[in-house]
Amino acid sequence: EIGDAKSLPWGTDAFTKDGRYDARRVVEETLALLDASMPALVRMETLRRATIYLEESQAGRDALLRALMARVLDAESGGNPSALAWFDAGYAQGCFSQFREQGPNGYAWVRRAAEISGGNAEMEYGCCMLSLMGQRPDFKGHLDKVERGAAKNPLLARNLESLKKLYPPVLKYFEEREKGMGSGKGKE
């Protein structure tokens with residue numbers, strides 16, 4: 001969920017593209033949308049949509065990832081690492097890895113973004129999503145950080161509730177944690 005935030009045009013459900021949208025503009029428009037004011041949750045959805053529009057275009061995916069990595073390298077070479085640049089490149093690569101592309105699933109890059117940002121809860125949500133997609137066990141630590149952040153971020157809270165419904169391991173984690181807390185075992 002992204003609320004009323006601006007992203008790429010979309011259809012009526014999670015995987016339905018807008019049939020009127022000219023997908024040849026995806027790379028250019030995605031890069032324009034990913035400005036410093038866009039929150040991480042909206043970045044995630046924008047990159048997810050871009051990936052789906054580009055599912056038949058290896059050249060488009062390559063162009064988008066090159067441009068995103070150029071942002072990372074520009075910031076790094078200037079001595080000012082950018083959490084947003086790392087996040088975008090990592091999350092895009094994570095989405096692309098769903099097409100069985102070679103290379104990392106982007107998790108390490110998104111984790112770097114979360115570290116640079118000082119633990120931004122929305123970026124932790126991105127780490128969690130890529131952990132789940134890559135079947136990594138470390139999603140639990142990210143979930144705890146997301147849950148703390150969701151207490152102050154209603155949009156993040158809604159996304160966390162949706163995640164519990166969509167991914168059984170997430171719901172199971174929270175149920176087991178609750179049982180542990182109720183018996184005096186578990187988190188303090």
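**Close-up views of helix packing and selected residues**

**View 1. Helix α2 against helix α6 in the predicted model.** Helix α2 covers residues 40–53 and packs on α6 at an angle of about 40°. The two axes lie 8 Å apart. That angle makes α2 oblique to α6. From α2, the contact takes A40, L41 and M44. From α6, the partners are E122, M123, Y125, G126 and M129. By class, this contact has 6 nonpolar, 1 polar and 1 charged residues.

**View 2. Helix α6 against helix α7.** Helix α6 spans residues 121–133, and helix α7 spans residues 139–150. Their axes come within 8 Å and cross at roughly 150°. Angles over 145 degrees count as roughly antiparallel, and α6 and α7 are therefore roughly antiparallel to each other. The crossing of α6 past α7 is left-handed. On the α6 side, the contact is made by A121, E124, Y125, C127, C128, S131 and L132. On the α7 side, F139, H142, L143, K145, V146 and G149 take part. Sorted by class, the contact of α6 with α7 holds 8 nonpolar, 3 polar and 2 charged residues.

**View 3. E124, a residue of helix α6.** Is E124 buried or exposed? E124 is buried, with a relative accessible area of 5%. Which residues does E124 contact, leaving aside neighbours within four places in sequence? They are A114, G119, H142, K145 and V146. Three of these names, H142, K145 and V146, also appear on the α7 side of the α6 contact.

**View 4. G134 in the loop between α6 and α7.** G134 is partly exposed, with a relative accessible area of 37%. To place G134 in space, take E147, which is 13 residues away along the chain. The C-alpha atoms of G134 and E147 are separated by 21 Å.

**View 5. Helix α4 against helix α5.** Helix α4 runs over residues 83–96, and helix α5 over residues 107–116. The axes come within 7 Å and cross at roughly 155°. α4 and α5 are therefore roughly antiparallel to each other. α4 passes α5 in a left-handed crossing. Which residues of α4 meet α5? They are A83, W86, F87, A89, G90, Y91 and Q93. Facing them from α5 are W109, V110, R112, A113 and I116. The residues of this contact divide into 9 nonpolar, 2 polar and 1 charged.

**View 6. Q93 in helix α4.** Q93 is among the α4 residues that meet α5. Q93 is buried, with a relative accessible area of 4%. L130 is 37 residues from Q93 along the chain. In space, the C-alpha atoms of Q93 and L130 are separated by 9.8 Å.

**View 7. The largest nonpolar core and L68.** In soluble globular proteins, nonpolar side chains tend to be buried together. Here, the largest nonpolar core has 55 residues. Those with the most contacts inside the core are L64, L68, F87, Y91, Y125, L143 and L163. Which helix gives the largest share of this core? That helix is α4, with 9 residues. F87 and Y91 also belong to the α4 side of the contact with α5. Y125 takes part in the contact of α2 with α6. Y125 and L143 are both in the contact of α6 with α7. L68 touches L31, L34, L47, A85, D88, A89 and A92, not counting residues up to four places away in sequence.

**View 8. N80 in the loop between α3 and α4.** Helix α3 covers residues 58–77. At 57% relative accessibility, N80 counts as exposed. V110 is 30 residues from N80 along the chain. The C-alpha atoms of N80 and V110 are separated by 17 Å.

**View 9. F15 in the segment before α1.** Helix α1 covers residues 26–33. F15 is exposed, with a relative accessible area of 65%. Which residues does F15 touch, not counting residues up to four places away in sequence? F15 touches W10, R48 and I52. Y53 lies 38 residues from F15 in sequence. C-alpha to C-alpha, F15 and Y53 are 9.9 Å apart in space.

Definitions and conventions. Residues are numbered from 1 along each chain as its sequence is written. This is a predicted model: local features need pLDDT of at least 70, side-chain atom pairs count only at pLDDT 80 or more; totals for chains, interfaces and linings use all residues. Side-chain values use heavy atoms; hydrogens and water are left out. Axes are lines fitted to C-alpha atoms, for helices over the stretch in contact, and angles run from 0 to 180 degrees between N-to-C directions. Helices (H or I, at least four residues) and strands (E, at least two) are DSSP runs, numbered from the N terminus. Angles under 35 degrees count as roughly parallel, over 145 as roughly antiparallel, 65 to 115 as roughly perpendicular and the rest as oblique. A crossing is left-handed if the near helix is turned anticlockwise from the far one by less than a right angle, and right-handed if clockwise. Contact means heavy atoms within 4.5 Å. Ala, Val, Leu, Ile, Met, Phe, Trp, Tyr, Cys and Pro count as nonpolar, Asp, Glu, Lys and Arg as charged, and the others, Gly among them, as polar. A nonpolar core is a set of buried Ala, Val, Leu, Ile, Met, Phe, Trp, Tyr and Cys residues joined through side-chain atoms within 4.5 Å. Buried means under 20% relative accessible area, exposed over 50%, partly exposed in between (1.4 Å probe, protein chains only).
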